[in-house]
Amino acid sequence: MARRVHGNGLPVGGPDDGAWELTGATGTGPAAGQKGDQRSPAVTEELVVWSEMAPGGTDYDVYAQRLFPNLRAQAAPVIVAGGPGNQAHPDVVGNGRNGEWLIVWDEDTTDAGDVLGRRISAALTPRSAVFEVAKGVGIASDPTIARDLLDNDTFLVVFTDDRNGNRDLFGTRITEAGVPRGGPLGGQFEVIKSPEEDYAPSLIYNPARSFTEAREGPRTRNILLWTHDDVADGPDVLGQRLNNNGLVQGGPFDVAAGPGIQAVPSGDLRSLENWLVIWQTDALGNLDIMGVELGVNGVIRRAPRVLATD
Ligand SMILES: [Ca+2]
Ligand SMILES: [Ca+2]
Ligand SMILES: [Ca+2]
Ligand SMILES: [Ca+2]
């Protein structure tokens with residue numbers, strides 16, 4: 001499903017109305033016109049990617065579908081990564097070359113989790129073979145991708161990895177061509193480490209920063225959001241500003257904390273000074289979506305709002 005949200009964080013149509021189905025049917029043969037089990041959507045202005053077990057299928061694949069400017073679905077869903085095992089948790093970024101997209105996801109075929117990627121054209125045809133982004137003995141999963149402001153043909157990928165005995169967040173870099181800097185086994189660095197579970201990372205790019213400006217100083221260029229399992233009151237949403245080199249600037253801060261569930265954050269830049277951050281919460285009973293404006297300096301701007309409830 002999808003809904004629109006005003007720049008000030010108020011939902012268009014109110015919190016319990018105005019939503020529409022975003023993805024098209026994936027069923028084939030006798031299941032034509034039917035939809036399967038869809039998970040983990042990631043959306044840009046022109047494309048939505050998600051993981052789905054198609055009707056009659058036995059595992060999950062990654063799909064993409066183009067969107068009209070009004071964010072209604074255009075044409076039919078296309079499989080970006082399929083085959084044996086589960087292809088899940090996709091994220092997407094425009095890679096700047098002829099309208100190409102760069103899509104990353106996790107897969108459980110080699111071991112319980114590696115991160116893979118693929119370039120696809122604006123028309124959703126493959127522009128590369130599937131390539132390895134991060135692999136190794138740990139469970140690497142749930143990647144998020146954003147452009148690297150220090151090097152304009154490079155992207156930063158942050159993913160979860162359990163190599164320390166619980167999930168922490170690691171980063172790596174890949175080029176526009178899909179080549180991991182340092183290779184899929186090397187070039188990985190620790191971003192967030194704690195004794196509790198850290199997961200569901202979401203990198204929000206700050207396009208207001210020019211490449212020249214980014215090279216001049218260590219100020220924040222991207223913000224990282226994720227879910228941290230607070231043992232006292234259930235999961236919280238934390239934020240972390242990142243330096244131009246992708247390493248942390250200062251410490252983590254609470255975006256949405258307190259009793260109950262605050263989890264699975266996402267967001268986008270709403271103005272030169274503010275991000276709109278959204279997350280899942282059980283504050284109103286069952287699971288709903290809330291949002292808040294977050295300054296690029298890491299300061300919450302106002303009280304959170306309910307964006308979608310049922
Ligand atoms: Ca599959
Ligand atoms: Ca692995
Ligand atoms: Ca941890
Ligand atoms: Ca909590």
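In this predicted model, the side chains of Glu21 and Lys35 form a salt bridge, with an N to O distance of 2.6 Å. Both residues belong to the segment before β1 (37-43), so the pair ties together parts that are 14 residues apart in sequence. Glu21 is exposed, at a relative accessible area of 54%, while Lys35 has a relative accessible area of 34% and is therefore partly exposed.

This pair belongs to a wider set of charged contacts, since the structure holds 12 salt bridges. Another of them joins Glu132 and Lys135, whose closest N and O atoms are 3.0 Å apart. Glu132 is partly exposed, with a relative accessible area of 35%, and Lys135 also counts as partly exposed, at 24% relative accessibility.

A salt bridge with buried partners is found between Glu176 and Arg147, where the N to O distance is 3.7 Å. Glu176 lies in the loop between β11 and β12 (189-192), and Arg147 in strand β9 (residues 140-147), so this pair ties together parts that are 29 residues apart in sequence. Glu176 is buried, with a relative accessible area of 13%; the value for Arg147 is likewise 13%, and Arg147 is buried. Elsewhere, Glu100, Arg119 and Arg127 are joined into one network by salt bridges that share partners.

Acidic side chains also take part in metal binding. The calcium ion (ligand 1) is coordinated at 2.3 to 2.6 Å by Asp59 (OD), Tyr60 (O), Asp61 (OD), Gly83 (O), Gly85 (O) and Gln87 (OE1). Along the chain, these donors follow the spacing D-Y-D-x21-G-x1-G-x1-Q. Asp59 is placed in the loop between β2 (47-53) and β3 (61-67), and Gly85 in the loop between β4 (73-81) and β5 (87-94), so the pair ties together parts that are 26 residues apart in sequence. Why is the arrangement around the calcium ion (ligand 1) octahedral? The six donor atoms subtend angles of 71 to 173°, and the octahedral class requires opposite donors to be over 155 degrees apart and all others between 65 and 115. Of the residues at this site, Asp59 counts as buried because its relative accessibility is 18%, under the 20% cut-off. Gly85, at 21% relative accessibility, counts as partly exposed.

The calcium ion (ligand 3) has its own set of donors: Asn166 (OD1), Arg167 (O), Asp168 (OD), Ser194 (O), Glu196 (O) and Asp198 (OD), at 2.2 to 2.5 Å. The angles among the six donor atoms run from 76 to 171°, and the site is octahedral. The spacing of these donors along the chain is N-R-D-x25-S-x1-E-x1-D. Asp168 lies in strand β11 and Asp198 in strand β13 (residues 198-205), so the pair ties together parts that are 30 residues apart in sequence. Asp168 and Asp198 are both buried.

Asp168 merits a further look. Strand β11, in which Asp168 lies, spans residues 168-175. Which side chain of opposite charge is nearest to Asp168? That side chain is Lys193, 5.6 Å away, and the buried Asp168 has no salt bridge. The distance can be set against the salt-bridge cut-off, which is 4 Å. Leaving aside residues up to four places away in sequence, Asp168 touches Phe159, Thr160, Asp161, Ile192, Lys193, Ser194, Glu196 and Asp198. Ser194, Glu196 and Asp198 also supply donors to the calcium ion (ligand 3), as does Asp168.

Technical notes. Residues are numbered from 1 along each chain as its sequence is written. Chains are lettered from A and ligands numbered from 1 in the order in which they are written. This is a predicted model: local features need pLDDT of at least 70, side-chain atom pairs count only at pLDDT 80 or more; totals for chains, interfaces and linings use all residues. Side-chain values use heavy atoms; hydrogens and water are left out. Helices (H or I, at least four residues) and strands (E, at least two) are DSSP runs, numbered from the N terminus. Buried means under 20% relative accessible area, exposed over 50%, partly exposed in between (1.4 Å probe, protein chains only). Lys and Arg count as positive and Asp and Glu as negative; His and the chain ends are not counted. Contact means heavy atoms within 4.5 Å. Donors are N, O and S atoms within 2.8 Å of the metal (3.2 Å for Na, K and Ca); water is not among the atoms, so sites may look incomplete. Four donors count as tetrahedral if all angles lie between 85 and 135 degrees; four count as square planar and six as octahedral if opposite donors are over 155 degrees apart and all others between 65 and 115; anything else is irregular.
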